[in-house]
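The following exchange introduces a structure to a reader who has not met it before. Each reply works towards the value or name requested.

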Amino acid sequence: MASQRSPVPPVRETVHEGRDGWLFLIGGSNDVMERYRGTLRQWWTLRGWTRLMTARAARAARLGIRCVQFIVPEKLSVYDHMTIDLPYDPSRASTRRLARKLAGQAAYLDLLGPFRAARDGPAPLYLKTDTHWSADGCLLAYRELMRALAAIPPADIGARPALVMDRVMDLGAKLPGRPVERLVRPQIQRDAVRIEAGALLTAYEAEGRERDLHTGAHVVYRNDNPAADPRRVVLFGDSYAHFAPMLLTGLLAESFAEVHFVWSANLDWAYVERVRPDILLFELAERFLARLPSDDFDVAAGRRVATV
């Protein structure tokens, strides 16, 4: 458990400087520290998530679809030992509590346990100066997911060529010194081909602004390699998966015959029923548990359905 000696950081502070150059997001619009306070508000939010995830799995089952949902733990939930006198309790992490609530349900995959078990390994699971997981962290999550789906990863999936570059990452950019970190970006794509892109992504790409696109991005990959798992996958996720074939979406596209990715925390059930995938996946960063989805997304429009 992290030390309790320091006062609560001011709201305006968004980055905690930990040991050995590790940076942690502690503020922002999602109030990251709220995920560790054990408040009544957190309890109600996680109760809502438990009910939502259970209902999603039941609806998918009625359609004959296997559903697996998983939350990407915050760095604070995994690398608490790399913080310095930060007043929070990692045992109250939302991912830990959600895993307890959904224990025994095949539709929920706990990543916190495997990540904490592997945190002292030779390769960091997160980028030190960024909020996102590293290539090794992404690969660990992918292997856990493939095991849950009884799928076999390509033998060389962890040994694909990689681009290595020095970059100022998202948390580092918030500090005066703007520390640089070495970024390893595996070139995962080999067999999978993007066969479709949504109108929103197509428009952004035409203007050379695809890096600015987040929610609403939609792509479909097809993999004709006979060794690929023949099942069709639909994945609703965020930047930890990404529409470019470089993170979780790319790993899955190299593993399954067809992968649809939609950048959204809200599901589009009409889309799911139209595609009729064998597997429905949902991925979300832990900090985004602050908001409970209403599953009113419209994939074609690239946005949530307007409500009156």
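**A predicted model, in questions and replies**

Me: Is A162 buried, partly exposed or exposed, and what is its relative accessible area?
Reply: In this predicted model, A162 is found in strand β5, residues 162–167. Partly exposed residues lie between the limits of 20% and 50% relative accessible area. A162 therefore counts as partly exposed, with a relative accessible area of 40%.

Me: How far apart in space are A162 and P186, C-alpha to C-alpha?
Reply: Leaving aside neighbours within four places in sequence, A162 is in contact with V184, R185, P186 and Q187. P186 is thus one of the residues that A162 contacts. The two are 24 residues apart in sequence, and their C-alpha atoms are separated in space by 3.8 Å.

Me: What is the radius of gyration of the protein chain?
Reply: The C-alpha trace spans about 55 × 45 × 40 Å along its principal axes. For 308 residues, a compact globule would have a radius of gyration near 19 Å. The chain agrees with that expectation, because its own value is 19 Å.

Me: What percentage of the residues in the protein chain is buried?
Reply: The chain exposes about 14,100 Å², of which carbon and sulfur atoms supply 52%. That share describes the exposed area, whereas the question concerns residues. Of the 308 residues in the chain, the buried ones make up 52%.

Me: Which strands are the edge strands of the seven-stranded open sheet?
Reply: The chain has eight helices and 13 strands. Seven strands form an open sheet with mixed pairing, in the order β4-β3-β11-β9-β10-β8-β7. An edge strand pairs on one side only, and this applies to β4 (108–109) and β7 (192–197).

Me: Which residue in β8 is the bridge partner of E196?
Reply: Strand β7 covers residues 192–197, and five bridges join β7 to β8 (residues 218–223). These two strands run antiparallel. Within β8, the bridge partner of E196 is V220.

Me: Which residue in β11 stands opposite V72?
Reply: β3 and β11 pair in the parallel sense over seven bridges. β11 also runs parallel to strand β9 (residues 229–237), to which four bridges join it; there, F236 has F282 as its bridge partner. On the β3 pairing, V72 stands opposite A285.

Me: How many of the residues of β11 are buried?
Reply: Both faces of β11 are covered. On one side I279, L281, E283 and A285 are buried, and on the other L280, F282 and L284 are buried. The number of buried residues in this strand is seven of seven.

Me: At about what angle to β3 does helix α1 run?
Reply: Helix α1 comprises residues 40–62 and lies across β3 (66–72), β4 and β11 (279–285). Relative to β3, the helix runs at about 155 degrees.

Me: Which helix supplies the largest share of the largest nonpolar core?
Reply: Nonpolar side chains tend to be buried together in soluble globular proteins. The largest nonpolar core here has 64 residues, and those with the most contacts inside it include F115, Y126 and F256. A second, separate core of 28 residues includes L52, V220, Y271 and F297. The largest share of the 64-residue core, seven residues, comes from helix α5.

Me: What is the relative accessibility of V78?
Reply: V78 lies in helix α2, residues 75–78. Leaving aside neighbours within four places in sequence, V78 is in contact with P73, L112, F115, R116, R119 and Y126. Buried means under 20% relative accessible area, so V78 counts as buried at 0%.

Me: What is the relative accessible area of T129?
Reply: T129 lies in the loop between α4 (112–118) and α5. Beyond four places in sequence, T129 touches residues including G21, K75, M169 and E181. T129 is buried, with a relative accessible area of 5%.

Me: Is H218 buried or exposed?
Reply: H218 is found in strand β8. Among the residues in contact with H218, beyond four places in sequence, are E196, A197, F261 and V299. Its relative accessible area is 5%, which means that H218 is buried.

Note on methods: Residues are numbered from 1 along each chain as its sequence is written. This is a predicted model: local features need pLDDT of at least 70, side-chain atom pairs count only at pLDDT 80 or more; totals for chains, interfaces and linings use all residues. Side-chain values use heavy atoms; hydrogens and water are left out. Two strands pair if DSSP finds at least two bridges between them. Contact means heavy atoms within 4.5 Å. Axes are lines fitted to C-alpha atoms, for helices over the stretch in contact, and angles run from 0 to 180 degrees between N-to-C directions. Buried means under 20% relative accessible area, exposed over 50%, partly exposed in between (1.4 Å probe, protein chains only). A nonpolar core is a set of buried Ala, Val, Leu, Ile, Met, Phe, Trp, Tyr and Cys residues joined through side-chain atoms within 4.5 Å. The radius of gyration is taken over C-alpha atoms; the globule rule is 2.2 Å times the number of residues to the power 0.38. Accessible areas come from the Shrake-Rupley method with a 1.4 Å probe; for residues, only the protein chains shown count as cover.
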